Amino acid sequence: MSSSPGVFVRVNGEMIKSGVYDNKIVSIVGRMTKSMNDIVEIECSDGILVPIRVDEGFQFKANQIVEIMGFLDNASVPIQHFVTRDVGANLSLSIYNDMISKAWRKADKKDADSQV
């Protein structure tokens with residue numbers, strides 16, 4: 001799957017683990033669970049915990065639901081944080097996860113159909 005310049009693919013924990021988006025800029029939405037020095041752990045919309053490397057001065061707020069954009073290299077700390085946005089306490093992570101999962105499956109099918 002390719003993306004246009006300036007467009008970030010929205011991912012969940014499963015998509016990160018798949019390796020499909022390695023070495024790309026991604027957007028991940030989830031709940032911040034803990035902070036350890038320069039690492040913040042986020043519970044992705046699919047419930048998978050993902051560590052994110054953040055810069056000094058990052059504002060950690062336990063249980064805050066955020067969108068984080070960063071570079072995915074799938075190392076032991078797979079995402080290098082660039083930008084954080086508060087998406088509000090009322091966002092349903094399960095509905096969000098359903099949306100991006102359906103888009104992912106549709107994109108996979110489109111890529112497979114174009115190779116037939």
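**Entry 1: Ile 52 and the core**

I started with Ile 52 and listed its contacts (heavy atoms within 4.5 Å): beyond neighbours within four places in sequence, Ile 52 meets Ile 28, Asp 38, Ile 39, Val 40, Ile 42, Ile 68, Val 77, Ile 79 and His 81. A note to self: this is a predicted model, where local features need pLDDT of at least 70, side-chain atom pairs count only at pLDDT 80 or more, and totals for chains, interfaces and linings use all residues. Residues are numbered from 1 along each chain as its sequence is written, and side-chain values use heavy atoms, with hydrogens and water left out.

Next I looked up the largest nonpolar core (buried Ala, Val, Leu, Ile, Met, Phe, Trp, Tyr and Cys residues joined through side-chain atoms within 4.5 Å). It has 24 residues, and Ile 28, Ile 52 and Ile 79 have the most contacts inside it. At least two residues of this core come from each of α1 (13–18), β2 (24–36), β3 (39–44), β4, β5 and α2 (93–114); helices (H or I, at least four residues) and strands (E, at least two) are DSSP runs, numbered from the N terminus.

**Entry 2: Glu 67**

I found Glu 67 in strand β5 (residues 65–72). Is Glu 67 buried or exposed? Glu 67 counts as buried because its relative accessibility is 8%, and buried means under 20% relative accessible area, exposed over 50%, partly exposed in between (1.4 Å probe, protein chains only).

I then checked polar contacts (N or O atoms within 3.5 Å; within protein, one able to donate a hydrogen and the other to accept it, with residues adjacent in sequence counting only if both atoms are side-chain atoms). The Glu 67 side chain pairs this way with the side chains of Arg 10 at 3.0 Å and Ser 27 at 2.5 Å.
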